Amino acid sequence: MMRYSLNFQSPHDIIDFVKIVNEFDYDVDLISGKKIVDAKSIVGALAISKAGELDVIAHAEECSDFLKQIRPYLKQDQVS
């Protein structure tokens with residue numbers, strides 16, 4: 001399982017992010033405070049994206065391919 005903070009600049013970013021998430025078989029959640037939504041849901045992702053702090057959790061042992069694809073949406077201090 002991995003957890004990273006996200007930074008979306010526009011609704012288009014969120015739509016692209018959800019498309020990426022749907023390419024993977026494992027569960028992925030978006031979390032803001034106590035709210036959790038399925039990151040594969042465009043409606044849920046758009047709704048929670050208005051929160052100030054937003055994290056993503058991928059429920060998988062190995063998710064390096066996922067991490068590479070969502071790199072543009074990670075907060076800059078997490079990108080190596």
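This report describes the overall fold of a predicted model and then turns to three of its residues.

**Overall architecture**

The chain is built from three helices and four strands, and these elements succeed one another along the sequence in the pattern β-α-β-β-α-β-α. Its radius of gyration is 11 Å, close to the 12 Å that the globule rule gives for 80 residues, so the chain is as compact as a globular protein of that length. Along the principal axes, the C-alpha trace extends over about 30 × 25 × 25 Å.

Buried residues account for 41% of the 80 residues in the chain. Of the contacts with a separation of 6 or more, 63% come from residues 24 or more positions apart. The exposed area of the chain is about 5,000 Å², and 51% of this is supplied by carbon and sulfur atoms. The chain carries 9 positive and 13 negative charges, whose mean positions lie 7 Å apart.

**Three residues in context**

The table sets out the location and relative accessibility of Ser-32, Glu-53 and Pro-72.

| Residue | Location | Relative accessibility |
|---|---|---|
| Ser-32 | strand E2 (residues 28-32) | 13%, buried |
| Glu-53 | loop between helix H2 (42-48) and strand E4 (55-58) | 52%, exposed |
| Pro-72 | segment after helix H3 (64-70) | 58%, exposed |

Ser-32 counts as buried because its relative accessibility of 13% falls under the 20% cut-off. Once neighbours within four places in sequence are set aside, Ser-32 is in contact with Ile-48, Ala-51, Glu-53 and Leu-54. With one of these residues there is also a polar approach, as the side chain of Ser-32 reaches the backbone oxygen of Glu-53 at 2.9 Å.

Glu-53, in turn, counts as exposed because its relative accessibility of 52% is over the 50% cut-off. When residues up to four places away in sequence are not counted, Glu-53 touches Ile-31, Ser-32 and Lys-75. The side chain of Glu-53 makes a polar contact with the side chain of Lys-75 at 3.3 Å, while its backbone oxygen is the atom reached by the side chain of Ser-32. Glu-53 and Asp-38 are 15 residues apart in sequence, and their C-alpha atoms are 16 Å apart in space.

Pro-72 is exposed, with a relative accessible area of 58%, and is placed in the segment that comes after helix H3 (64-70). Although Pro-72 and Asn-7 are 65 residues apart along the chain, their C-alpha atoms are separated by 8.6 Å.

Conventions. Residues are numbered from 1 along each chain as its sequence is written. This is a predicted model: local features need pLDDT of at least 70, side-chain atom pairs count only at pLDDT 80 or more; totals for chains, interfaces and linings use all residues. Side-chain values use heavy atoms; hydrogens and water are left out. Helices (H or I, at least four residues) and strands (E, at least two) are DSSP runs, numbered from the N terminus. The radius of gyration is taken over C-alpha atoms; the globule rule is 2.2 Å times the number of residues to the power 0.38. Buried means under 20% relative accessible area, exposed over 50%, partly exposed in between (1.4 Å probe, protein chains only). Contact means heavy atoms within 4.5 Å. Accessible areas come from the Shrake-Rupley method with a 1.4 Å probe; for residues, only the protein chains shown count as cover. Lys and Arg count as positive and Asp and Glu as negative; His and the chain ends are not counted. The place of a charge is taken as NZ of Lys, CZ of Arg, CG of Asp or CD of Glu. A polar contact is a pair of N or O atoms within 3.5 Å; within protein, one must be able to donate a hydrogen and the other to accept it, and residues adjacent in sequence count only if both atoms are side-chain atoms.
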